[in-house]
Protein chains: 2
Amino acid sequence: MENHLKIIKGNMVFAPSFGQLETLANSYVIIEGKKIKGTYRELPAQYNNLAITDYGDALIIPGFVDLHFHAPQFANRGLGLDLELLPWLEQYTFPEEAKFKDNAYAAEIYKQVVTELWKWGTTRVALFGTIHKEATAHLMEMLALAGLGGYVGKVNMDRNSSDSLLETTEQSLADTEDFIKNTIDRYGLVKPIITPRFVPSCTGDLMSGLARLAGKYNLPVQSHLSENTGEIAWVKELHPDCLNYANVYQKFGLFGQQPTIMAHCIYNDAAEIELMAKNKVTVAHCPYSNNNLASGIAPVRKLIDLGVAVGLGSDIAGGHEISIAKVMAAAVQVSKLKWLASDKKAPFFTIPEVFFMATKGGGSFFGKVGSFEEGYEFDALVIDDTGLNVSTINRYSLAERLSRFIYIGDYHNIVARYVAGKKMEQPQF
Amino acid sequence: MENHLKIIKGNMVFAPSFGQLETLANSYVIIEGKKIKGTYRELPAQYNNLAITDYGDALIIPGFVDLHFHAPQFANRGLGLDLELLPWLEQYTFPEEAKFKDNAYAAEIYKQVVTELWKWGTTRVALFGTIHKEATAHLMEMLALAGLGGYVGKVNMDRNSSDSLLETTEQSLADTEDFIKNTIDRYGLVKPIITPRFVPSCTGDLMSGLARLAGKYNLPVQSHLSENTGEIAWVKELHPDCLNYANVYQKFGLFGQQPTIMAHCIYNDAAEIELMAKNKVTVAHCPYSNNNLASGIAPVRKLIDLGVAVGLGSDIAGGHEISIAKVMAAAVQVSKLKWLASDKKAPFFTIPEVFFMATKGGGSFFGKVGSFEEGYEFDALVIDDTGLNVSTINRYSLAERLSRFIYIGDYHNIVARYVAGKKMEQPQF
């Protein structure tokens with residue numbers, strides 16, 4: 001009768017709301033298909049005859065969500081980090097992305113990207129590809145084969161790019177529509193996303209065309225916003241008629257008309273933040289990238305206080321860490337520097353707060369994802385932290401164990417991964 | 001005749017001065033006993049009949065130097081990082097350190113500390129123990145058994161400590177002298193160091209007594225300076241007669257009268273910095289700890305410009321990362337935020353600059369350590385970065401390979417470790 005149900009036992013730790021940490025020691029989660037039917041401290045009697053997957057004293061936490069990751073920049077991690085955004089794009093990023101015209105090279109890199117995402121416990125991800133529709137479709141296929149969930153975008157660039165990455169407006173739109181048609185109904189958990197690189201590399205015509213495609217196919221949008229002061233000045237030059245950077249996207253229909261992720265958002269003014277909140281734009285906060293490219297510290301506490309949804313992003317390869325656990329630690333760290341810079345007025349983030357961003361905060365972009373509440377898709381990581389417990393006498397609370405895993409754990413501690421109710425084995429490409 | 005010589009071949013990368021990166025592809029280093037006789041791009045004819053240890057295409061870099069590490073806080077990594085320094089000491093650090101009265105507990109933790117140092121490629125380290133002379137002597141013995149080099153200090157605290165960690169002035173000095181006598185001639189590469197915790201936990205009498213011991217036994221000194229604004233205000237209250245925090249140490253003879261490491265140095269004024277330079281005080285820059293405890297960003301560029309020597313410190317467990325490679329990346333990152341905060345006036349650090357701090361910068365505290373120049377003790381890590389080269393077509397320079405190892409490598413990439421000419425196998429305790 002109920003043998004389509006799964007029962008998993010362990011120490012559940014999750015964040016149902018910003019700042020709230022729910023811990024259920026030695027508890028049960030009942031999964032029906034993709035979704036959670038309920039969590040229970042005592043197993044209800046009607047499930048007594050079902051098999052239980054018992055993870056013993058392990059922690060079970062929601063899978064990590066990465067809202068911003070440039071898959072083709074994977075090989076560039078740790079390179080060129082003595083530069084700011086714009087010269088870094090010219091000297092390192094664009095030459096690497098140009099290689100993805102070659103499908104064989106793309107396959108070689110992308111299989112590693114997907115394997116690393118699996119390895120570090122990212123279960124949902126918003127990926128930038130390159131301008132190349134074939135290579136980007138291949139990336140989607142690999143992500144789907146691995147059983148991970150996500151959005152993948154063919155990047156659009158019809159101005160201010162390197163020669164080898166420049167599209168005409170028409171070709172860019174035509175390739176994007178081809179890409180969408182080929183992929184939109186192909187995979188259960190992996191979908192296309194409209195991906196103008198950023199304002200400086202997209203003409204108004206291209207942005208308008210992409211907004212039409214987003215509406216026509218009911219697709220979400222991802223791009224970059226206010227990462228670097230040089231970039232912002234450039235946008236101002238390119239669009240002197242627009243009040244601010246956000247207004248350029250807004251003018252062309254790419255700012256929340258469909259669900260939208262904007263990465264970085266370091267330097268937005270009050271009017272932009274108000275618009276982000278009103279249009280329900282989700283911010284991808286990428287602290288490692290913002291450190292590495294000397295971009296600055298995003299005012300995330302302020303964004304959240306003003307009603308903007310925030311998730312975390314690795315921003316490979318501005319960021320070098322694929323691990324969203326490490327990104328969480330970095331988010332706490334930069335928030336402490338922000339707290340100091342604010343004369344201790346903007347409270348720094350706690351672990352429950354960044355844990356929310358890394359799970360339900362970003363996960364909400366994918367539906368009911370990132371929590372262990374009823375009706376949520378069961379994305380989970382099973383954390384065996386035995387190796388982190390360095391003494392035989394110290395005992396830690398579940399919250400402390402989560403904190404220690406975030407700061408000092410790594411992929412060795414992740415012993416099982418679930419996405420939408422299904423256990424994911426290591427991808428075999 | 002010359003069979004006491006060792007020849008090692010590989011790609012040498014080292015930093016002979018701040019900002020200078022020396023790369024010697026496919027080159028040879030000749031080691032005589034502990035020391036480097038020379039590095040050569042072509043092997044001189046007189047060595048032709050000697051065996052060569054050939055590390056192929058691996059990188060060979062100086063071993064990492066960690067100038068600040070609290071060994072007894074190892075189990076506390078990743079805990080309590082929602083607090084600032086003073087409450088964190090009270091709530092987490094002191095209770096953990098009190099456990100080291102128990103030698104069995106100390107042995108259990110310290111064997112892991114030494115193994116982790118080995119694992120992450122730290123070849124020389126300045127360690128804080130606890131107030132307990134026996135446990136701290138045991139830590140020295142383990143470090144020596146593992147073949148690592150370093151200074152280890154019995155901590156002194158005769159005021160403002162928890163009850164279980166409070167010493168009388170007399171007992172503190174007597175135990176310190178016992179500790180010194182028992183250990184000073186016992187090990188080749190591991191020596192005692194005078195370790196007043198910090199001004200708030202040491203009376204003037206204790207500090208004076210420790211200065212006498214430092215002089216009597218010709219020992220170096222390590223402590224903390226200007227980590228947190230609350231701490232600084234407290235020092236001002238305790239010593240209203242002193243001009244500033246540095247002057248308290250200076251008054252009691254603990255500020256460069258013997259070679260001295262001061263950890264943190266975030267908030268020093270111009271007079272203090274001048275005194276540090278004049279007295280040749282070495283700063284242990286601990287960026288992860290300074291982030292985690294919301295202490296601030298040390299003005300390291302300014303310190304260096306004003307002639308102060310700077311090395312890096314993990315500051316376990318204010319810092320959570322034992323890897324000095326990760327600490328290097330953090331030092332670059334916070335320097336970029338400092339650059340932004342200085343209106344882009346204080347240039348951020350480059351990889352060659354932090355690589356110098358992590359090797360010769362800190363290494364100079366231990367003698368001729370941290371470089372591959374003639375006469376330097378041969379401390380080295382052999383880095384196999386094959387696994388980091390994610391594509392078959394990308395080729396990287398030696399400098400780029402170093403950068404990629406620092407940002408995205410880990411202990412798996414360290415395939416051999418040498419300390420003072422001797423290859424170190426994994427410690428077996």
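**Exercise 1. Characterise the contact between chain A and chain B.**

Solution. Start with the residue count: in this predicted model, 50 residues of chain A are in contact with 50 residues of chain B.

Next, take the area. Chain A and chain B bury about 4200 Å² between them. Carbon and sulfur atoms give 54% of that area.

Then count the polar links. The interface of chain A and chain B holds 2 salt bridges. One of them joins A:Lys344 to B:Glu84, with N and O 3.5 Å apart. This pair qualifies because the cut-off for a salt bridge is 4 Å. There are also 19 residue pairs in polar contact between chain A and chain B, both residues at pLDDT 80 or more.

Now assign the residues to elements. On the side of chain A that touches chain B, at least two residues each come from helix 1 (85-98), helix 2 (103-119), helix 9 (287-292), helix 11 (324-341) and helix 13 of chain A. Helix 11 of chain A gives the largest share, 6 residues.

Finish with the classes. The side of chain A that touches chain B has 23 nonpolar, 15 polar and 12 charged residues.

**Exercise 2. Determine how the two copies are related.**

Solution. First, superpose. A turn of 180 degrees, with a shift of 0.0 Å along the axis, lays chain A on chain B with an RMSD of 0.0 Å. That is the relation of a two-fold axis.

Second, compare the surfaces. Of the interface residues of chain A, 100% are also interface residues in chain B. The copies therefore meet through the same surface.

**Exercise 3. Describe how domain 1 and domain 2 of chain A pack.**

Solution. Set the bounds. The domain assignment gives domain 1 as 5-63 + 371-423 and domain 2 as 64-366 of chain A.

Take the distance. Over C-alpha atoms, the centres of domain 1 and domain 2 of chain A are 29 Å apart.

Count the contacts. In chain A, 31 residues of domain 1 touch 30 residues of domain 2.

Add the area. The two domains of chain A bury about 2500 Å² between them, with 69% of it on carbon and sulfur atoms. Within domain 1 of chain A, the residues that lose the most area to domain 2 are A:Phe18, A:Ile406 and A:Tyr407. Together they account for 28% of what that side buries.

Turn to the polar links. Between domain 1 and domain 2 of chain A there are 3 salt bridges. A:Arg124 and A:Asp379 form a salt bridge, their closest N and O atoms lying 2.6 Å apart. Polar contacts across this domain interface number 9 residue pairs, both residues at pLDDT 80 or more.

Locate the residues. Strand 1 (5-17), strand 4 (52-62), helix 13 (398-408) and strand 16 (414-419) of chain A give two or more residues to the side of domain 1 that touches domain 2. By class, that side has 19 nonpolar, 6 polar and 6 charged residues.

**Exercise 4. Find and place the unusual backbone geometry.**

Solution. Look at omega. A:Ile316 and A:Ala317 are joined by a cis peptide bond, with omega about 5 degrees. A:Ala317 sits in the loop between strand 14 (309-312) and helix 11 of chain A.

Check the other copy. B:Ile316 and B:Ala317 are likewise joined by a cis peptide bond, omega about 5 degrees. B:Ala317 is in the loop between strand 14 (309-312) and helix 11 (324-341) of chain B.

Look at phi. A:Ser226 is not a glycine, yet its phi is positive, about 50 degrees. A:Ser226 belongs to the loop between strand 11 (221-225) and helix 6 (229-238) of chain A.

How values were computed: Residues numbered from 1 in each chain as written. Chains lettered and ligands numbered in written order. Predicted model: local features only at pLDDT ≥ 70, side-chain atom pairs only at ≥ 80, totals over all residues. Heavy atoms only, no water. Domains from an automatic or database assignment. Contact = heavy atoms within 4.5 Å. Buried area = accessible area lost by both parts, 1.4 Å probe. Salt bridge = Lys/Arg side-chain N within 4 Å of Asp/Glu carboxyl O. Polar contact = N/O pair within 3.5 Å; in protein donor to acceptor, adjacent residues only side chain to side chain. Helix = DSSP H or I, 4+ residues; strand = E, 2+ residues; numbered from the N terminus. Nonpolar A, V, L, I, M, F, W, Y, C, P; charged D, E, K, R; others polar. Least-squares fit on C-alpha atoms with pLDDT ≥ 70 in both.
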